[in-house]
Amino acid sequence: MLSNHIQLNIQKASKESTPILISTIEIENNDWQLHSNYFAIVWIHEGKGIVETDLMKTTYSENQIFCFNTYQAFALHSKGKTTASILLFHANFFCIETYHHQVGCNGVLFNNSYDTPKIVLPETDKTELAILLDNIRKEIKEDELASNELVFSYLKIFLIKLTRIKSEKGVIQKDTVSALSDYPKDLVILINENFKKEHSPAFYANALNITVKTLSKTSKKHFQKTISGLIHEKLILKAKWELLHTNTPIKSIANDLGFKDEYYFSRFFKKHIGLSPKHFREEEWSIRKGFLSIP
C-alpha cells in the first residue's frame, strides 16, 4: 500500500505555514510521491508514465491534470523525463464542501469513487489555466490579507474552470449511472445501496449473475479500479466524513460501515489514510478548529 510506505506530512494552515503551495517538479525515469493532509492537483506539462494511488493505477501524459483528496497517497512513476506543476491547498483555506454551491468541484474533481482523477486539457483552455496558476504563484509570495483574498479568488476560478472542463468533456457526468452500460450501471447502484454491509466482491457478482472474474474486468475497464477498490473508497469517504463532521463514537461508525469490530475498522482506515480513526479525528479537529484564512 502506498499509504504505508510514503511518509504522511501533516501541516496546519497558518500564516507561518502557507495554506496553498505551488511547486514544479522534474523527474526522469524515477518516482515522485506525496502523502499529505492537503488537496493536491497535479498538472503534467511534459512526459509519460504511471500515476498510482492505493486503489488505482492509470497512465499519464502531457496536458493532463490529476486531482487527489486529502490524505490520499499517490506516486508518479516516470518513463523518461516528466515535468509537472503541483498545487496544494488546505481545507482551512478552501473547503470544497462549504463552497460547493459556488464551485461544484466536490463530487467532480474530488470525492467521487467511480471517477478517474484524470482531466485531459483542451488546447483552448491551457493558456487561461496557466495564467491563473501563475497569478496564484505570484500572490502567495505576498504577506498581506488582500493578497490572500486574491489567491482565494484565483483558486476558486481555477477549480471552477477545471470542473467545467471535466464535466463538458464527458469524463464525468452529473448522473454517472446513466452514462454507463448495463453491468457498470447496475454495479454502481448495488455498491451505493450495499457498501456499508457488503464488502465482498462475490456479493456483487452474485447479484449481477456473473463471475467475480468478469465483474473484476468490468470494474477495471470502466473505473480503472478493482471491485474491492470501489467498495473500499466508498467506505473511506464515508468514514472520513463521519469522523470530521460528527461526534459519533468510532465503535458506532465501525458498526455502521459493516466492520465486525472497531479494531478491524481502525486497521483498514489506517492502511489507507496513514492514521488511525482516533488520531485522524484528533488531528483534523485540532487543525481546523478556530482557523480560516478567508472568512
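**Aromatic pairs, a buried phenylalanine and the largest pocket**

Tyr71 is buried, with a relative accessible area of 1%, in a model that is predicted. Phe280 is likewise buried, and its relative accessible area is also given as 1%; both values fall under the 20% that serves as the limit for a buried residue. The structure as a whole contains 18 aromatic pairs, and one of them is formed by Tyr71 and Phe280, whose rings meet edge-to-face with 5.0 Å from centre to centre and 70° between the planes. Because Tyr71 belongs to the loop between strand 5 (64-68) and strand 6 (74-89), while Phe280 belongs to helix 11 (residues 277-288), this pair ties together parts of the chain that lie 209 residues apart in sequence. Elsewhere, ring pairs join Phe39, Phe89, Phe93, Phe94, Tyr99, Phe110 and Phe152 into a cluster.

The wider setting of these rings can be described for the protein chain, in which eleven helices and seven strands make up the secondary structure. Of its 295 residues, 52% are buried. When contacts between residues at least 6 apart in sequence are considered, 75% of them join residues that are at least 24 apart. The accessible surface of the chain amounts to about 14,300 Å², and carbon and sulfur atoms account for 49% of that surface.

A further aromatic residue, Phe158, is found in helix 4 (residues 145-168), where it counts as buried at 1% relative accessibility. With residues up to four places away in sequence left out, Phe158 touches Ile41, Leu87, Leu129, Leu132 and Leu133. For one of these residues, Leu133, the separation from Phe158 is 25 residues in sequence, whereas in space the two are 7.6 Å apart from C-alpha to C-alpha.

Attention then turns to the empty space left between the atoms. The largest pocket encloses about 510 Å³ of space, and of the 24 residues that line this pocket, Glu97, Asn106, Asn111, Leu237 and Trp241 are the closest to its centre. Helix 5 (182-194) and helix 8 (227-245) each contribute at least two residues to the lining, and helix 8 provides the largest share, namely seven residues. In chemical terms the lining of the largest pocket is mixed, since it divides into ten nonpolar, nine polar and five charged residues.

Definitions and conventions. Residues are numbered from 1 along each chain as its sequence is written. This is a predicted model: local features need pLDDT of at least 70, side-chain atom pairs count only at pLDDT 80 or more; totals for chains, interfaces and linings use all residues. Side-chain values use heavy atoms; hydrogens and water are left out. Rings of Phe, Tyr and Trp (its six-membered ring) pair if their centres lie within 6.5 Å; planes under 30 degrees apart count as stacked, over 60 as edge-to-face and the rest as tilted. Helices (H or I, at least four residues) and strands (E, at least two) are DSSP runs, numbered from the N terminus. Buried means under 20% relative accessible area, exposed over 50%, partly exposed in between (1.4 Å probe, protein chains only). Contact means heavy atoms within 4.5 Å. Accessible areas come from the Shrake-Rupley method with a 1.4 Å probe; for residues, only the protein chains shown count as cover. On a 1 Å grid over the protein atoms alone, a cavity is a set of points where a 1.4 Å probe fits but cannot get out, and a pocket is an open set with protein on both sides within 12 Å along at least five of seven lines; lining residues have an atom within 4 Å of a point. Grid points are joined across faces, edges and corners, and a volume is the space filled by probe spheres set on the points. Ala, Val, Leu, Ile, Met, Phe, Trp, Tyr, Cys and Pro count as nonpolar, Asp, Glu, Lys and Arg as charged, and the others, Gly among them, as polar.
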